[in-house]
Amino acid sequence: MFPDSEDDTSHASERRVENRLSARFHSSLRYNNQTAVAHVVNISEQGALIAVLNENRPGVGDSVTLDIDQMEQNIMSLAAVVAHTKEHLIGLTFTDPDELTQAALAEFVTGLDEEE
């Protein structure tokens, strides 16, 4: 299901169903009892591509939580699995958000689309 190595990102776009929206905003990534500053590069209702500069980054298959913040307030926390990595970029697939979180994510992504 997921690429076997850090450099195997082939066919990643073929699995994507939702459109990605380019975005540039800060967030936090929680994993393995750590928290790292993350920069969202693009996002959809299915997942996100983020940049993390920490040397100790999560690997493919690791469970993580992406906390999306605006104006220093957490607006949603999204459980995800690392789908692929390449250098400092990490591709996330969101895992089964509840209905309220899914609705909030859809509204957030739609709002980003309207800003473009």
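What pLDDT does the chain average, and what share of the residues score at least 70? I looked this up before anything else: the average is 82, and 76% of the residues reach at least 70. pLDDT is the predictor's confidence in each residue, from 0 to 100.

**Ground rules.** I am working with a predicted model, so I note that local features need pLDDT of at least 70 and side-chain atom pairs count only at pLDDT 80 or more, while totals for chains, interfaces and linings use all residues. Residues are numbered from 1 along each chain as its sequence is written, and side-chain values use heavy atoms, with hydrogens and water left out.

**Layout.** I found two helices and six strands, in the order α-β-β-β-β-β-β-α. These are DSSP runs numbered from the N terminus (helices H or I, at least four residues; strands E, at least two).

**Confidence.** Strand β6 (residues 89-94) has the highest mean, 97, and helix α1 (residues 12-15) the lowest, 46. I also saw that residues 1-14 stay under 50.

**Core.** I checked the largest nonpolar core (buried Ala, Val, Leu, Ile, Met, Phe, Trp, Tyr and Cys joined through side-chain atoms within 4.5 Å). It has 25 residues, and L29, I43, I50 and L92 touch the most other members. Among the elements giving two or more residues to this core are β1 (21-31), β6 and α2 (99-115). Buried means under 20% relative accessible area, with a 1.4 Å probe and protein chains only; 38% of the 116 residues qualify.

**L92.** Beyond four places in sequence, L92 has contacts (heavy atoms within 4.5 Å) that include L29, I50, V64 and L66.

Notes
Buried means under 20% relative accessible area, exposed over 50%, partly exposed in between (1.4 Å probe, protein chains only).
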